[in-house]
Amino acid sequence: MGRIELANYSTPSSKTTIIILTSATTAYATWRVLQWRARLRAKAAADKIEKVVRAGPMVNCSDDKVRMQILTVAVKRSAKWMQFQPPNITESGLATPSQSQVGGLGLDKRPMLTLKPDYALKPIHDDHRGFREIAFYEALKLATNSHPNSTAAAATALAAMRIRDSSDDSGPMSDQSDTDSLSSFESRGSLAESVSKIKACGSANAALAMDHCDTLAMWLAVFVRDAIVEQSEFTFLSSWRQLGEEIEMLRRLSAFTTSYYGVLCPPEYAAVGNISRDSYLLLSDATRKFRQPCVMDIKMGTKTFEPDATLAKRERELAKYPPQVSLGFRIVGLRVFDPSHPECDGLGFRTFDKFFGRSLKNLSDVRDVLELFFKHAEVPDAEKRLGEEAKRKNMNQFDLHELKKKWKIGNSES
């Protein structure tokens, strides 16, 4: 009888023990799964944002989808400005060669064009160089947009252009939707708050339940201070901060660049993500308000070759102008208004080509050219120099009047 009572007494305890053990095992297994998910997502997010700030080209233009999305945005942007212009602008004769261009005048190069009222059409390459130039101007545009959280919005759009690969089947970005759909990135805050949204950039069709599960896993991992997740969060925030600094640099640089309005590209090429030989960047004409615009073409930077350039290309570029490595720039050409100089052209300008720029061997030579340019760029005594020129050539009043019209003195803006 006692044994029977003992057996009856021990049965509930055994069940309780089993329930506790089962619950503990289930909880531990659940935690391990959540921990694995948290670590996996944290590392994926950190790796993705690290790719954005990697060294190398600003945008991965070797990817077809990246090229397509960049060109799509650029062409749509220009359409807003060209809607009142006739089609085939470059063939209609409305766009004419710029009189102020001093660089890029090789035999196989197209000239820069001007279009009323105040547009400049800059020809672009039809290969990866053209896409990189478009990407640069698009990045400048993103950095200076009026989005309420402009730095974060610009950074997310730039991130999308960089990390997108061929496995991403989401559609091309648009001028506004790119920043809206990618605004899930946060420049401040924990990785746990962002991971489910970051994942959407690479997998738009992920199940909502899994997103919630991952978010819960991230919160728990952060709460227990998981070392791997904390390291990933540190990497994520550091990379994001670096990207924000890059956007701020682009914003500051944009103050010194002309306004950008998109790309003119034939529809049949743009539809397949290609740039034609008849494509142009649509910019504002910085010389439009000047009577005698003095122009200097400067190639900025210590390097004039791309990060992935071949050794032969690097050596060829470095040999063009060795002082550029120390100076940080080189003068490609300049045009100054100096009507009293015997070597001026019929409009009163002196023009210096790229070979003149390469002849400047040291800082003293460059300083002399800069002084020459800024001295004549102001032209404070144009009337006086006109009188000296008329006296030197013994001109009558009619010739003086014609020369004054040619030099555009006294009849338009300064």
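Strands β1 and β2 run antiparallel in this predicted model. Two bridges join them, and β2 covers residues 113-115. One contact point can be named on each strand: Pro97 has Leu113 in β2 as its bridge partner.

Helix α2, residues 64-82, packs on the sheet. There α2 touches β2, β3 (119-123), β4 and β5 (280-284). The direction of α2 makes about 110° with that of β4. Helix α4, residues 128-143, packs on the sheet as well. Its contacts are with β3, β4 and β5. Here the angle with the direction of β4 is about 150°.

Now step back to the whole sheet. Five strands form it, and the sheet is open. Read across, the order is β1-β2-β3-β5-β4, with antiparallel pairing. Which strands stand at the edges? They are β1 (96-97) and β4 (260-264). Each has a single partner strand, so one side of each is left without a neighbour in the sheet.

Look next at α4 itself. The helix has 16 residues. From its first C-alpha to its last it reaches 22 Å, close to the 22 Å expected at 1.5 Å a residue. Is α4 largely enclosed or largely open? Of its 16 residues, 12 are buried, so the helix is largely enclosed by the rest of the structure. Among the buried residues are Phe131, Ile134, Tyr137 and Leu140. Charged names appear in that list too, including Arg132, Glu133 and Glu138.

Take Glu138 as a case. Glu138 lies in helix α4. Its relative accessibility is 1%, and buried means under 20%, so Glu138 counts as buried. Beyond its close sequence neighbours, up to four places away, Glu138 touches Val73, Ala74, Arg77 and Tyr260.

Leu281 gives a view from the sheet. This residue is found in strand β5. At 0% relative accessibility, Leu281 counts as buried. What does Leu281 touch, leaving out residues up to four places away in sequence? Its contacts include Ala120, Leu121 and Lys122. Glu133, Ile134 and Tyr137 are also among them, and these three are buried residues of α4. Tyr260, Gly262 and Val263 are touched too. Ile124 is another contact of Leu281. In sequence, Leu281 and Ile124 are 157 residues apart, yet in space they are 6.7 Å apart, C-alpha to C-alpha.

Now turn to the rings. The whole structure holds seven aromatic pairs. One of them joins Tyr119 and Tyr261, edge-to-face, at 5.6 Å centre to centre and 90° between the planes. Tyr119 lies in strand β3 and Tyr261 in strand β4, so the pair ties together parts that are 142 residues apart in sequence. Tyr119 and Tyr261 are both buried. Another pair is formed by Phe352 and Phe356. This one is tilted, at 4.7 Å centre to centre and 40° between the planes. Phe352 is buried, with a relative accessible area of 12%. Phe356, at 25% relative accessibility, counts as partly exposed. Trp81 belongs with Tyr119 and Tyr261 in one aromatic cluster.

Arginines also sit over rings. Arg110 lies over the face of Tyr280, at 5.1 Å from the ring centre. Arg335 lies over the face of Phe349, at 3.5 Å from the ring centre.

Key:
Residues numbered from 1 in each chain as written. Predicted model: local features only at pLDDT ≥ 70, side-chain atom pairs only at ≥ 80, totals over all residues. Heavy atoms only, no water. Pairing = 2+ DSSP bridges. Helix = DSSP H or I, 4+ residues; strand = E, 2+ residues; numbered from the N terminus. Contact = heavy atoms within 4.5 Å. Axes fitted to C-alpha atoms, helices over the stretch in contact; angles between N-to-C directions. Expected span 1.5 Å × (residues − 1). Buried < 20%, exposed > 50% of the residue type's maximum accessible area, 1.4 Å probe, protein only. Phe/Tyr/Trp six-rings, centres within 6.5 Å; stacked < 30°, edge-to-face > 60°. Lys NZ or Arg CZ within 6 Å of the ring centre and 35° of its normal.
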